[in-house]
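Welcome to a short guided tour, made to be followed with your viewer open. Take each stop slowly, and select the parts as they are named.

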Amino acid sequence: MVRQVKQKPMNWVERLYVFEALRGLFTTLKHALRGLLRYETLPTVPYPEMKPEIPRNYRARHRLMLRPDGTPRCVACGMCAAACPAHCIYIEAAETEDPRIEKAPARFDIDHLVCVFCGLCVEACPVDALRMDTCETSYVHPKRDDFVAPMFDLMTWDPKTYPQNDSQSQMAPGGTLNQQALDAWGMKVN
Amino acid sequence: MMEIIESKHWIEWIITIAKFAFAFVPILFILLLIPMERRGAGFIQDRQGPNRSYIKIPYFGRIRLFGWVQNACDGTKLFFKEMFAPAGVNKWIYMLAPAIPFAIVLISPCVIPWFAPMVFEFGGQVIKIPGMTVDTEVGILLLFGLSSLSAYGAVLAGWASKSKFSLLGGLRTSAMTISYEVCLGLCLMGMLLLAGTFRIDEIIAWQDANVWGIVAQPVAFFCFLIAMIAETGRAPFDVAEGEPELVAGFHTEYGAMQFGLFYMGEYSHIGINSILVACLFLGGYSIPFVSMETVQSNLGISLGVLCGVCAVAVLAFLHLLYRYARWYKTCKASNKEVILREYSLYKILGWCAVVVFAVLGVLSAVFIHPEVQMVNGEAVYGIGVALGTALIQILVLLVKAVFFCWVWIWVRWTLPRFRYDHVMHLGWKILLNIAILNLVVTAIAAKLLGGN
Amino acid sequence: MSNYYNMPKLPTENSPKVEIFVDDKAVMVPGDTNLLEALKAVGIETPHVCYHPYLPVSGNCRQCLVEQEGPRGRMLVIACYTPVSPSMKIYTPASSERVKNARKATQEFMLVNHPLDCPICDKAGECTLQENYMEAGQNESRMRPEYGKNYHGNPAHQFIDSKGQVRGGKHVDIGPRIVLDEERCVQCDRCVRFMRSIAGDEQLQLASRADHTYITTFPGEKLDHEYDLCVTDICPTGAMTAKHFRFQKRVWLLSRTPSISMDDSLGANIWIDHAEGKVWRLMPRCNPEVNRSWLSNTSRLAYQNFQKNRLPAGDIDSLKSVLAKEGKVALVAGGSCTIEDLTALKLLAEKLGERAEIFTGSFAPVLPADGIAKSGDPVANRAGMKLLGLPTGNLEELLKRAGEFSILLSVHCDLFENAEAAKTLETIPEKIALSAFDDATAKAATIPFGVNHWSEVKGTMVNCNGMLQKLSAAPTSPDSNLRPAFSVLAELAGISLSCACEAFAMAGKNAEVLSGYTYETIRSTGVMLDGVQL
C-alpha cells in the first residue's frame with residue numbers, strides 16, 4: 001500500500017531560506033554552547049573510561065538461567081534455535097539422571113559473531129531459561145572461535161549483580177532466594 | 001642602493017621588515033581553526049570531538065590541551081607519510097599543484113592592514129609606517145587577484161591526478177571559484193564606492209570615521225559572506241567533494257603532506273577571508289566608540305583595560321575548568337585522576353596568568369603616561385606609544401577575525417549541502433543580481449547624499 | 001472379543017462413485033468406503049486421532065465428528081466408522097457450528113490432562129494433536145492453573161513434582177527400542193491395534209478403565225517385535241518414542257528425501273530424514289501396494305551404519321590398468337545395485353567381451369516373507385537383474401570356477417563375509433571391490449574403491465512384485481569425491497554418463513519394458529511393470 005505523506009507547503013518566509021538558515025544556526029549554536037559550557041550534559045560519554053548506563057531490558061549478551069541446584073534451566077527444546085533468524089544457536093540434547101527432568105542440553109552454543117541480538121530466542125524460550133539481560137555489550141576475544149559462547153560461559157553469571165526483585169535470578173546458587181528455592185525443589189545440598 | 005637604504009630611517013627599516021612576519025598569521029590560524037572546527041563540530045552534534053591525543057610531562061601526566069594536541073599528531077602523521085603519485089601522472093605538475101594554494105596563502109596577507117598607520121617621533125624625525133606589508137594603491141584588488149589564483153591549484157591537481165574524480169572535482173572547484181569571484185567583487189564595490197578607495201586601511205579609516213560596513217552595506221555584507229564561504233569551497237558549498245559522487249574532489253589522489261598542503265591552504269584561506277571580512281565590514285582594527293587618539297593619549301589605561309579583559313577571559317576559562325573538575329570528581333570515569341591532575345596544571349597556569357595580567361594592567365595604568373609633541377598641528381607620540389597602539393589594534397583585528405572563523409565552522413555544521421546546479425543558480429542568478437542591485441542603490445544613494 | 005475391529009475399506013481407483021451432499025452441495029465420492037476417506041477423496045480433511053487407514057477402526061477418539069441428516073434430524077456421527085451411502089447429507093464445520101464446537105470440545109477434553117511438553121516432545125512438529133489443535137483454534141486454555149494437569153495413568157509410575165503437581169510415567173521403559181510416556185498418551189489404542197492386527201503379536205494392552213486407562217505390556221513382558229518401532233510412527237502423540245531417535249533432532253529441522261530401502265527385495269518405501277549432511281532416521285513412506293505404512297526395524301535402523309566405516313574414493317586409473325590386464329574377469333553384482341549400476345556393469349562386460357562373466361547374488365540366506373514390509377530376499381534388485389537378462393544367484397558357480405578368473409570385480413557385494421567364499425576367492429590375484437563400506441571384501445581387495453551408498457544415489461529398482469520404484473539421492477555423502485557405482489563402471493566401460501537418467505535410458509535398451517519410462521514418469525509410489533515374468 002502506498003501511503004501518501006502530505007507535506008505542509010512552505011510559506012514564502014521559509015522559501016526564502018535565509019531566515020530558516022538563521023534559525024538553524026541558532027539551534028546549532030545552542031548545542032555548541034551546551035557542549036562548551038555544560039559539558040557534563042553531553043549525551044555521549046568518553047567511552048572506555050566511562051560506560052553508559054545500560055538498562056536491564058537492553059538486549060545484551062545471553063545468559064542461561066539456572067535451577068536452584070545450578071543446572072541450566074534449559075530443556076533443550078530448540079525453540080530458540082528455531083526462532084533464531086541468524087541460526088546462531090546450536091543445541092544438543094541429552095537425557096538426564098534426574099527423573100523429574102526429562103531433557104537437558106548436552107551442548108548449548110551461541111555464536112555471538114553470527115547473532116543479530118534480535119531477542120527472538122528469549123521470546124521463544126518456554127521455560128525462561130535464556131535471557132539477554134547481562135548488560136554486557138562489548139566482548140573482545142583474540143580468536144573467532146572464542147566468540148562461540150559454550151554452555152558453561154552462558155551459565156557463568158553472578159546473582160549478586162542482578163537486582164533483588166529479579167527473583168528468578170536470585171534463585172540461582174549464590175542468590176538470596178537460593179536456599180528457599182532449594183527447599184522447594186526438594187534437593188537440600190548439605 | 002645606498003639611496004634606497006638612506007631614504008628611510010633605520011627604525012623604519014626594522015619595522016618594515018618585521019611586518020613580513022604577518023605573512024605567517026594565516027598559517028597560525030590553522031592551529032586555531034582545526035581544533036575549533038573539530039571540537040566545535042563535536043559540540044554542535046552533541047559529541048565530544050577528538051580529545052584523546054596527549055603529551056606526557058612529568059608530574060602532571062597526560063596533557064591533552066582540550067584536543068589541541070591532535071593538531072600536532074595529525075601534522076606529524078601527514079608529515080611522515082609516504083608521498084606517492086599515481087602511475088602515469090605528470091610528476092612536476094602533480095607536485096606543484098598543492099604548493100600553489102599554499103604559496104598564495106603566504107602572499108595574500110601582504111595588503112591587509114594590521115594596524116593603523118604608525119606616526120611617531122623618533123630621533124627628531126616624524127616617521128610614518130603603513131599597517132600593511134605592501135603599501136600599494138591597488139590594495140584589495142591584489143588580494144582578489146591572488147586568491148583567484150588558488151583555482152589553479154585545484155585545476156592543476158585535478159588534471160595532474162589522472163583520475164576522473166579529481167578532474168571533475170577540479171573543474172567544479174574552478175567553476176565555482178570563478179563564479180563567486182564575480183559576486184565577491186561586485187558585493188565589495190558598494191563598500192569601495194563609499195570609501196572611494198581600493199586601500200583597505202582607508203576603507204577602515206572611512207568606517208572608523210563614519211559607520212561600520214556591516215551597517216552601511218548590510219546586504220553587501222551578507223552576500224559577501226556567502227560568496228566568501230563558497231569561494232573557500234566549504235560546506236554548504238562543498239560541491240567539489242562528495243563521497244558518493246566525486247570521492248574527495250581534486251585532492252582524491254593526494255596523500256601525506258601534499259594533501260596536508262591543500263588542507264592547510266584551505267584553512268589558511270579561511271583565516272585570510274575572516275580577516276578580510278573583519279577589515280571590510282567590521283571596522284578592522286578600529287575599536288568601536290573609542291577613537292585612536294583617545295587610545296594613544298591614554299595608552300596606560302588602555303593597556304590596563306586590555307590586561308583586564310585578558311584577565312577576565314582567563315578567569316572565565318578557570319571557571320569552566322573548575323566546573324569540569326567538579327563534575328569529574330563526582331563522575332564514574334576511570335581516568336578521572338589523570339584528568340584532574342592535568343587540570344591542576346591548567347589551574348596553576350591560569351592563576352599565574354591572572355596575576356600577571358592584573359599586575360601588568362595596574363602597572364601600565366599607573367606608570368605609562370605618554371608624552372605628546374605637537375608637530376605641524378598634529379599630536380605625535382613616541383615609538384613606545386605607537387607600538388602599544390599597534391598591539392591593541394592587532395589584537396582587536398584578530399578577535400574580530402576569530403569570530404568570523406567561528407562563523408565559517410558554524411555554517412558548515414549547520415546547513416545542508418547544496419547541489420552543484422543549485423550552487424551555480426545561487427551564484428549567478430541570485431547573489432549576482434542582488435550584488436548589482438546593491439551597487440546601483442549604493443551609487444545613487446551616495447550621489448544623492450553627496451558622498452565622494 | 002469386542003476388541004477386534006474391522007479394517008477400514010479404502011477407496012481404490014475402481015471404487016463406484018456415489019453422490020452425497022456435503023454442506024448441501026452435491027459431490028461425487030467413492031461409494032465403498034467410510035465417510036472420512038470419502039471426504040478426503042474430495043479434498044475435505046477431517047481431523048482424527050485414533051483412525052489409521054491401515055489399522056482396524058475403533059472409533060474411540062471422537063475427533064472426526066460430522067453431522068449427518070437422519071430420520072431423527074441432524075446427528076453427530078464419527079466419519080471414520082460411517083459407511084458412505086448414496087445421497088446422504090453431511091455437514092462439516094464449514095457449515096455447521098455444532099460440528100465445529102463438538103470437535104473443539106473433544107479436542108479440549110483430550111488435552112485436559114495432556115502435559116504441556118511440546119517443547120521437549122520428540123513428536124512436536126509432526127504431532128496429530130498439535131495439528132488438530134491448530135485447526136480447532138482453541139487457542140486459549142480454559143484450564144484453571146490452580147488445578148493444573150493431572151495424571152491418571154499407571155499408579156506405579158506416579159510422582160509429585162516440585163510444584164506439587166501429580167505427574168507420572170514420564171519415561172517408562174516399555175521395550176528395548178521404545179520409551180513410553182504415559183502422561184502424553186491419549187488412549188487412542190492405535191499401538192494396541194497395530195500389535196494385534198498387523199504385527200500379530202498382542203504385546204500391548206490397555207489397562208484399567210475410563211480416564212484411568214493406560215497403555216501397558218503384560219506383566220513381566222516387554223514390547224519386543226520386529227515391527228515395534230512402527231508404533232512410534234502411528235502414535236498420534238509423543239507417548240511412544242523411539243530410543244534411537246529420542247532427543248536427537250527436532251523434526252522440523254529434518255529434510256526428507258523419498259527413497260527405497262535396498263536391503264530387501266520388497267523395496268519398502270522410505271523417507272530418508274536428513275539434516276546437516278547426516279541421516280537422522282528412516283521413516284516408512286506410505287505405499288498401499290508395497291509396505292503400506294510399515295517398516296521393519298532392520299530396515300529402519302539400517303541408517304545407523306550408513307555413514308560409518310565408509311570406504312574413501314579410489315583412483316580410477318589403477319582400476320583401468322588392472323582391467324587392461326590379461327585373464328578372465330568375474331563381475332559380481334550385489335543385491336543393492338540399482339538398475340543403473342547393473343546396466344553399467346553389463347556395458348563393462350560387453351566391452352571386456354569374452355573374458356568377462358557376470359555373477360550376482362548374495363550369500364545371505366533367503367528368509368520367508370513376513371507379509372508386512374519384508375519379502376525376506378536380501379538381493380533387493382533380483383527382479384531388476386532378471387529384467388536386464390543377468391543371471392541371478394549364481395555365486396555358487398563363481399566359487400566352483402574361481403580358479404578360472406584372474407580378476408574379480410565386486411559391486412556392492414560383500415563376498416568375503418562368507419568364510420568359505422573368502423577362502424576360495426582369495427586365490428584370485430586381482431580383486432577390485434566397488435563398495436560403500438570398508439567391509440570384509442574391501443579389506444581383502446587389492447584395490448578397494450569407495451562409491452556412494454544407495455541412500456546417496458539416484459536410481460531405480462524393481463521389487464519382487466515387479467514394481468519399478470525410484471530412489472532419490474539424499475545429500476548425505478560423507479565425501480564429495482565419492483561417485484555412484486554406475487558412474488565408475490561406465491567410465492571403466494569407456495562410456496561417459498553425465499547423470500543417472502542416461503544410465504536408465506541405457507537400461508531401456510537392454511530391457512524393453514523399461515524403455516517407456518523416465519524418472520519423471522515413475523510415480524513416487526512406483527509403477528507396476530506389465531507382463532514381466534518374475
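Before the tour begins, one term is needed: two strands count as a pair if DSSP finds at least two bridges between them. Please also keep in mind that this is a predicted model.

**Stop 1: a sheet in chain C**

Select strand S1 (residues 17–22) of chain C together with strand S2 (25–30) of chain C. These two strands pair in the antiparallel sense, over six bridges. Now show the side chains of Phe21(C) and Ala26(C): Phe21(C) stands opposite Ala26(C), which belongs to S2(C).

In general, the strands of a sheet are joined by backbone hydrogen bonds, in either a parallel or an antiparallel way.

Next, widen your selection to the whole sheet. In which order do the five strands of chain C come? Reading across, you should meet S2-S1-S5-S3-S4. The sheet is open, and its pairing is mixed. At the edges are strand S2 (25–30) and strand S4 (73–78) of chain C, each of which pairs on one side only. Rotate the view and look at the turn between neighbouring strands: on average it is 40°, direction ignored.

Now add helix H2 (residues 97–110) of chain C. What does helix H2 of chain C lie across? It crosses strand S3 (65–70), S4 and strand S5 (89–91) of chain C, and runs at about 140° to S3(C).

**Stop 2: the domains of chain C**

Zoom out and colour chain C by domain. The domain assignment gives domain 1 (17–110), domain 2 (116–139 + 166–253) and domain 3 (316–528). Focus on domain 1 and domain 2 of chain C, whose C-alpha centres lie 26 Å apart. Where they meet, 15 residues of domain 1 of chain C and 17 residues of domain 2 of chain C take part in the contact. On the domain 1 side of chain C, the residues are seven nonpolar, five polar and three charged.

**Stop 3: helices in chain B**

Move over to chain B and select helix H3 (residues 25–44) and helix H12 (residues 256–281). As general background, a packed pair of helices is described by the angle between their axes and by the distance between those axes. For H3(B) and H12(B), the angle is about 100° and the axes are 8 Å apart. The two helices are therefore roughly perpendicular to each other.

Show the side chains where they meet. From H3(B) come Pro26(B), Ile27(B), Phe29(B), Ile30(B), Leu33(B) and Ile34(B). Facing them from H12(B) are residues including Met264(B), Tyr267(B) and Ile270(B). How many residues of this contact of H3(B) with H12(B) are nonpolar, polar and charged? There are ten nonpolar, two polar and no charged residues.

Keep H12(B) on screen and add helix H10 (residues 218–232) of chain B. The axes of H10(B) and H12(B) come within 10 Å and cross at roughly 170°. Why are they called roughly antiparallel? Angles over 145 degrees count as roughly antiparallel, so H10(B) and H12(B) fall in that class. The crossing of H10(B) past H12(B) is right-handed.

Among the residues of H10(B) in this contact are Phe221(B), Phe224(B) and Leu225(B). Those of H12(B) include Glu266(B), His269(B) and Ile270(B). The contact of H10(B) with H12(B) has seven nonpolar, three polar and one charged residues by class.

**Stop 4: the domains of chain B and chain A**

Colour chain B by its assigned domains: domain 1 (81–286 + 384–449) and domain 2 (289–369). Their centres are separated by 32 Å, taken over C-alpha atoms. The contact involves five residues of domain 1 of chain B and seven residues of domain 2 of chain B.

In chain A, pick out domain 1 (14–43) and domain 2 (63–185). The C-alpha centres of these two domains of chain A lie 47 Å apart.

**Stop 5: where the chains meet**

Finally, show all the chains together. Which chains have the most contacts among the two pairs that touch? Chains A and B do. Select the 19 residues of chain B that are in contact with 17 residues of chain A. H3(B), which you met at an earlier stop, gives the most to this side of chain B, with four residues.

Then turn to chain C, where nine residues are in contact with 15 residues of chain A. Chain B and chain C do not touch, and their nearest C-alpha atoms are 42 Å apart.

Technical notes. Residues are numbered from 1 along each chain as its sequence is written. Chains are lettered from A and ligands numbered from 1 in the order in which they are written. This is a predicted model: local features need pLDDT of at least 70, side-chain atom pairs count only at pLDDT 80 or more; totals for chains, interfaces and linings use all residues. Axes are lines fitted to C-alpha atoms, for helices over the stretch in contact, and angles run from 0 to 180 degrees between N-to-C directions. Domain bounds come from an automatic or database domain assignment. Ala, Val, Leu, Ile, Met, Phe, Trp, Tyr, Cys and Pro count as nonpolar, Asp, Glu, Lys and Arg as charged, and the others, Gly among them, as polar. Angles under 35 degrees count as roughly parallel, over 145 as roughly antiparallel, 65 to 115 as roughly perpendicular and the rest as oblique. A crossing is left-handed if the near helix is turned anticlockwise from the far one by less than a right angle, and right-handed if clockwise.
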